[in-house]
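This report describes strand pairing, a pocket and one loop residue in a single structure. Please consult the sequence and the coordinates alongside the text.

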Amino acid sequence: TDDNIPQEMTEDEYKAACEDIDYANAERYPENNKGKKVKFTGKVLQVSEPGILTKNTTFRVAITKGEYGIWDDVVYVEYKRPKDAPRILVDDIITIWGECTGVTSYTTILLQDITIPAAKAKYITINQ
């Protein structure tokens, strides 16, 4: 084998290389975190299935569980779901392993501009 060609990590190796995301750090210093392998668990707030413009499913996921079961600190997640994988639904609690991609911005239906940390998921497990 050619030593200059990077070998693909196994799923277990990839997951082991991921660090828990520090939301405040990801939000404050998005450029420093680009490409960093991260892991986080959260509640799915919104799902957008692939369509004409995108090939991937996207989610808004709240990753900090507060008092009274209220989740906060939202991350934008992009994921190419394998054909045999179950669909992820609103209110699912999921664990994500992937890479930080910086931040993304969008406009809410109330015309507020929102910028949140973003990640591209490689693996997702539905916890409940």
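## Position and surroundings of R87

In this predicted model, R87 belongs to the loop that runs between β4 (71-79) and β5 (93-107). The residue is classed as partly exposed because its relative accessibility is 48%, a value that lies between the 20% limit for buried and the 50% limit for exposed residues.

Leaving aside residues up to four places away in sequence, R87 is in contact with E49, R81, D92 and I126. With E49 there is also a polar contact, formed between the two side chains at 3.1 Å. V47 lies 40 residues from R87 along the chain, and the C-alpha atoms of R87 and V47 are 9.8 Å apart.

## Strand pairing around β2

Strand β2 (37-48) pairs with β1, β3 and β5. With β1 (residues 19-20), the pairing is parallel and consists of two bridges; here E19 is placed opposite V38 of β2.

The pairing of β2 with β5 is antiparallel and comprises seven bridges. Within it, T41 faces T95 of β5. Strands β2 and β3 are likewise antiparallel, with five bridges between them, and Q46 stands across from R60 of β3.

## The largest pocket

What volume does the largest pocket enclose? The space amounts to about 210 Å³. Three elements each contribute two or more residues to its lining, namely β2, β3 (57-65) and β5. Of the elements, β5 contributes the most, with four residues.

The lining is made up of Q46, S48, T58, F59, R60, Y76, T104, S105, Y106, T107 and T108. By class, seven of these residues are polar, three are nonpolar and one is charged. Q46 and R60 are both among the lining residues, and they are also the residues that stand opposite each other where β2 and β3 pair.

## Summary of the arrangement

Strand β2 takes part in a parallel pairing with β1 and in antiparallel pairings with β5 and β3. The strands β2, β3 and β5 also each supply at least two residues to the lining of the largest pocket. R87, in the loop between β4 and β5, has a side-chain polar contact with E49.

Note on methods: Residues are numbered from 1 along each chain as its sequence is written. This is a predicted model: local features need pLDDT of at least 70, side-chain atom pairs count only at pLDDT 80 or more; totals for chains, interfaces and linings use all residues. Side-chain values use heavy atoms; hydrogens and water are left out. Buried means under 20% relative accessible area, exposed over 50%, partly exposed in between (1.4 Å probe, protein chains only). Contact means heavy atoms within 4.5 Å. A polar contact is a pair of N or O atoms within 3.5 Å; within protein, one must be able to donate a hydrogen and the other to accept it, and residues adjacent in sequence count only if both atoms are side-chain atoms. On a 1 Å grid over the protein atoms alone, a cavity is a set of points where a 1.4 Å probe fits but cannot get out, and a pocket is an open set with protein on both sides within 12 Å along at least five of seven lines; lining residues have an atom within 4 Å of a point. Grid points are joined across faces, edges and corners, and a volume is the space filled by probe spheres set on the points. Ala, Val, Leu, Ile, Met, Phe, Trp, Tyr, Cys and Pro count as nonpolar, Asp, Glu, Lys and Arg as charged, and the others, Gly among them, as polar. Two strands pair if DSSP finds at least two bridges between them.
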